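Trainee: Hi, I've got a protein to look at today. Could you go through it with me?
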Amino acid sequence: MIENALANSRFLSHIRRAFTSRLPFMVLASDVRDVVYANWVVPVSTVKFLVPPGVEIMEKDGNTVLTVLTYKHGHFGPAIAGVFRRLFPSPLQSNWRLYVRSIDGKDTDVPTALFVANVFNSDLYAVGTRVFSDVMLSHRAERFEHRQEGCKWSIRIDGKGSAPSLTIKATASYAADFPAAFGSFFNHYDDAIEMLCLQDAAIAPVIGTGAIAKADIALPIDTQTVMSLDVVAYLPGNFLEKLGAVSSPFCFRVPAVKFEALSEQIISLWDEK
């Protein structure tokens, strides 16, 4: 399909890098809403193949934290468009990530996530982010639902081709707690919410180049607005099962946040095997 050819074209990526390396970064903005975070403690051994050489992820007792956050954009487009950004679409997106401790032996200077997948319900955004970004490892879902009905939330992502799959149904909860497995990583609930929410950068391997790309982001979440969720149904797809995320996730919801992608650059190189 022409979409796959465009999304995976190294030629187009090389041309884009040649131009954008000489131009100021075009800041992107979105009025994001209804962000549902699903989190698991998984063995490092099951996610090791996703971690680029030179990158160390958060680890305790042979385990790490995997997060899938799913949300609806609010007119995702160039910040420079101002009020005319309302003309841009509002796709659904899901980010799948791990948490970075160090790069090339140096601790990260800001909280940083490692993207392992990004899923859209839009061909335009899935292909566009593949072509114009090195950090977004984007896929187009065959079916993508993200709905709220009263105090109930429902997420369904059916993978298409390389896209991962996931089904979660949850209800609002007043319990401020997390599963015992997370006790190795966080002292209390507020610690967990702050670390999982407040990430200021994201990295991803640039396939075929031996490079790591880094994006600086602004995601000023008010952690006081976070709502706990009780999961009533969970069905992992093959990818999540492979990563060891087979138990019911620790979930919570952020009602709204102003998102901005501030910059993107190549930050590291390694020798590909």
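Trainee: Which strand is N118 found in?
Mentor: N118 sits in strand β6, which covers residues 106-120. Keep in mind that this is a predicted model.
Trainee: Is N118 buried or exposed?
Mentor: N118 counts as buried, because its relative accessibility is 0% and the cut-off for buried is under 20%.
Trainee: OK, so which side chain does the side chain of N118 join in a polar contact?
Mentor: That would be the side chain of N95, at 2.9 Å. The N118 side chain also reaches a backbone atom, the nitrogen of L137, at 2.9 Å.
Trainee: And what else is N118 in contact with?
Mentor: Setting aside neighbours within four places in sequence, the contacts of N118 include Q93, S94, V135, M136, S138 and H139. N95 and L137 are on that list too.
Trainee: New topic! Which residues form a nonpolar patch on the surface?
Mentor: V83, F84, L87 and F88 do, and together they have about 450 Å² of accessible area.
Trainee: Where is L87 found?
Mentor: L87 is in the loop between β4 (77-78) and β5 (92-103). L87 counts as exposed because its relative accessible area is 68%, and exposed means over 50%.
Trainee: Zooming out, how many helices and strands does the protein have?
Mentor: The protein has six helices and 14 strands. Of its 273 residues, 49% count as buried.
Trainee: What about the area the protein exposes?
Mentor: About 13400 Å², with carbon and sulfur atoms supplying 56% of it.

Note on methods. Residues numbered from 1 in each chain as written. Predicted model: local features only at pLDDT ≥ 70, side-chain atom pairs only at ≥ 80, totals over all residues. Heavy atoms only, no water. Helix = DSSP H or I, 4+ residues; strand = E, 2+ residues; numbered from the N terminus. Buried < 20%, exposed > 50% of the residue type's maximum accessible area, 1.4 Å probe, protein only. Areas by Shrake-Rupley, 256 points an atom, 1.4 Å probe, with all protein chains shown as cover. Polar contact = N/O pair within 3.5 Å; in protein donor to acceptor, adjacent residues only side chain to side chain. Contact = heavy atoms within 4.5 Å. Patch = residues over 30% accessible without salt bridge, like charges linked within 9 Å, V, L, I, M, F, W, Y side chains within 5 Å. Salt bridge = Lys/Arg side-chain N within 4 Å of Asp/Glu carboxyl O.
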